[in-house]
Amino acid sequence: MTVCCFGAIHLDTLVHASRAIRPETSTPGAFSTRPGGVATNVARGLARLGSDVFLAGALGNDPEAGVLRDWLARERIRLLEVRREDAPTGRYIALHNPDGSLPAAVVDARITDTLDAGAFCADMAAASSASLWFLDANLPEDVLDRLCTTAGSRRIAADAVSRAKAGRLRPVLPRLDMLFCNRAEAQVILGEENDARELPGTRHLATALVRAGVRACLVSDGGADLVVATADGCVGIPVPQPERIHDVTGAGDAL
């Protein structure tokens, strides 16, 4: 299957501290750098599994963009680049404790957040060869809407990315063949994040998303069972419990 992934292309800096990170002081640790961003992580995973992959996103005119171009080319990912002079290439930094937990992370995604609705029009000829389009909610609402309209009858999968951005998918739910989100993101999409009642279960959320128009959806909840919902019902999938968590960055994208 040929897949085109639309969304964030970041240069990630991951920090693994050798002791628990405390505020207002430095902590010893090891740094590593690699491509990141939801669409990029998904594209890299699919390429490793043997899929023919396009990746469409924005890069700046800076050294970070060159690093990403070379890295993705080595992984046989075909880049459909929106080149921008007015914003830096996206960056993400994550701080991990020795137990793999994430006490802090910061992202500079201005280059993607400010794309206009027609940003990918020039690349539609190449993207049209893909039978599946994957969209991430780093893209602005009008870009998501334009892509869903342009996609025609091909299948579309989407990822909610974060609580801050999940709501961007709300207007295009009826066009999604598959939605990936976690419990908190599902609440945001459904407008239930401020509900003072008992927290809804993942089965309730997944079913509600299908009623809202999504053809199929997967809702995760940390180490609890995954729930996959369609119009035919819900299926729970147990999550294997690792002996040790290295870090949580990109875990949802790998799923």
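**Exercise 1. Salt bridges**

Task: How many salt bridges does a search of the whole structure find, and how exposed are the partners in the pairs Glu81 with Arg83 and Asp113 with Lys165?

Solution.

Step 1. Start with the count. A search of this predicted model finds 12 salt bridges.

Step 2. Take the pair Glu81 and Arg83. Their side chains meet in a salt bridge, at 2.9 Å from N to O. Exposed means over 50% relative accessible area, and buried means under 20%. Glu81 has 22% relative accessibility, so it counts as partly exposed. Arg83 has 53%, so it counts as exposed.

Step 3. Take Asp113 and Lys165. The N to O distance in this salt bridge is 3.6 Å. Asp113 sits in helix H3, and Lys165 in the loop between S9 and S10. The two residues are 52 apart, so the pair links distant parts of the chain. Asp113 counts as partly exposed because its relative accessibility is 30%. Lys165 is buried, because its relative accessible area is 11%.

Step 4. Add one further pair. Asp177 and Arg175 form a salt bridge, with the closest N and O atoms 3.6 Å apart. Arg175 is at 18% relative accessibility, so it counts as buried.

Step 5. Look for shared partners. Salt bridges join Arg69, Glu81 and Arg83 into one network.

**Exercise 2. Aromatic rings**

Task: Which arrangement do the rings of Phe6 and Phe120 have, stacked or edge-to-face?

Solution.

Step 1. Count the pairs. The whole structure holds 2 aromatic pairs.

Step 2. Recall what describes a pair. The distance of the centres and the angle of the planes are used.

Step 3. Apply this to Phe6 and Phe120. The ring centres are 5.3 Å apart, and the planes stand at 75°. Planes over 60 degrees apart count as edge-to-face. The pair is therefore edge-to-face.

Step 4. Place the rings in the chain. Phe6 lies in strand S1, residues 2-6. Phe120 lies in the loop between helix H3 (110-113) and helix H4 (124-127). The pair thus ties together parts that are 114 residues apart in sequence.

Step 5. Check burial and neighbours. Phe6 and Phe120 are both buried. Ring pairs link Phe6, Phe120 and Trp133 into a cluster.

**Exercise 3. Two helices**

Task: Which residues of H1 are buried, and which residues of H7 are buried?

Solution.

Step 1. Begin with H1. Its buried residues are Val38, Ala39, Thr40, Asn41, Val42, Ala43, Arg44 and Ala47. That is 8 of the 11 residues, so H1 is largely enclosed by the rest of the structure.

Step 2. Look just past H1. Gly50 takes a positive phi of about 100° there.

Step 3. Go to H7. The buried residues are Thr202, Leu205, Ala206, Ala208, Leu209 and Val210. Among the elements that cover them are S10, H6, S11 and strand S12 (226-230).

Step 4. Zoom in on Thr202. This residue belongs to helix H7, residues 202-211. Thr202 counts as buried because its relative accessibility is 12%. Leaving out residues up to four places away in sequence, Thr202 touches Arg183, Val219, Ser220, Asp221 and Val227.

Step 5. Look just past H7. Gly213 takes a positive phi of about 130°.

**Exercise 4. Two pockets**

Task: How many residues line the largest pocket, and which element gives the most to the lining of the second largest pocket?

Solution.

Step 1. Describe the largest pocket. Its space is about 1,400 Å³. The lining has 41 residues, and Val248, Gly250, Ala251, Gly252 and Asp253 lie nearest the centre. Elements giving two or more residues to this lining include strand S2 (10-17), helix H1 (38-48) and helix H8 (251-254).

Step 2. Sort that lining by class. There are 20 nonpolar, 13 polar and 8 charged residues.

Step 3. Describe the second largest pocket. About 580 Å³ of space lies in it. The lining has 26 residues, with Asn41, Val42, Gly45, Asp253 and Ala254 nearest the centre. Among the elements giving two or more residues are strand S3 (29-36), H1 and H8.

Step 4. Find the main contributor. H1 gives the most to this lining, with 6 residues.

Step 5. Sort this lining too. The second largest pocket has 14 nonpolar, 6 polar and 6 charged lining residues.

Methods: Residues numbered from 1 in each chain as written. Predicted model: local features only at pLDDT ≥ 70, side-chain atom pairs only at ≥ 80, totals over all residues. Heavy atoms only, no water. 1 Å grid on protein atoms, 1.4 Å probe; cavity = no way out; pocket = protein on both sides within 12 Å on 5 of 7 lines; lining within 4 Å. Points joined across faces, edges and corners; volume = space filled by probe spheres on them. Helix = DSSP H or I, 4+ residues; strand = E, 2+ residues; numbered from the N terminus. Nonpolar A, V, L, I, M, F, W, Y, C, P; charged D, E, K, R; others polar. Buried < 20%, exposed > 50% of the residue type's maximum accessible area, 1.4 Å probe, protein only. Contact = heavy atoms within 4.5 Å. Phe/Tyr/Trp six-rings, centres within 6.5 Å; stacked < 30°, edge-to-face > 60°. Salt bridge = Lys/Arg side-chain N within 4 Å of Asp/Glu carboxyl O.
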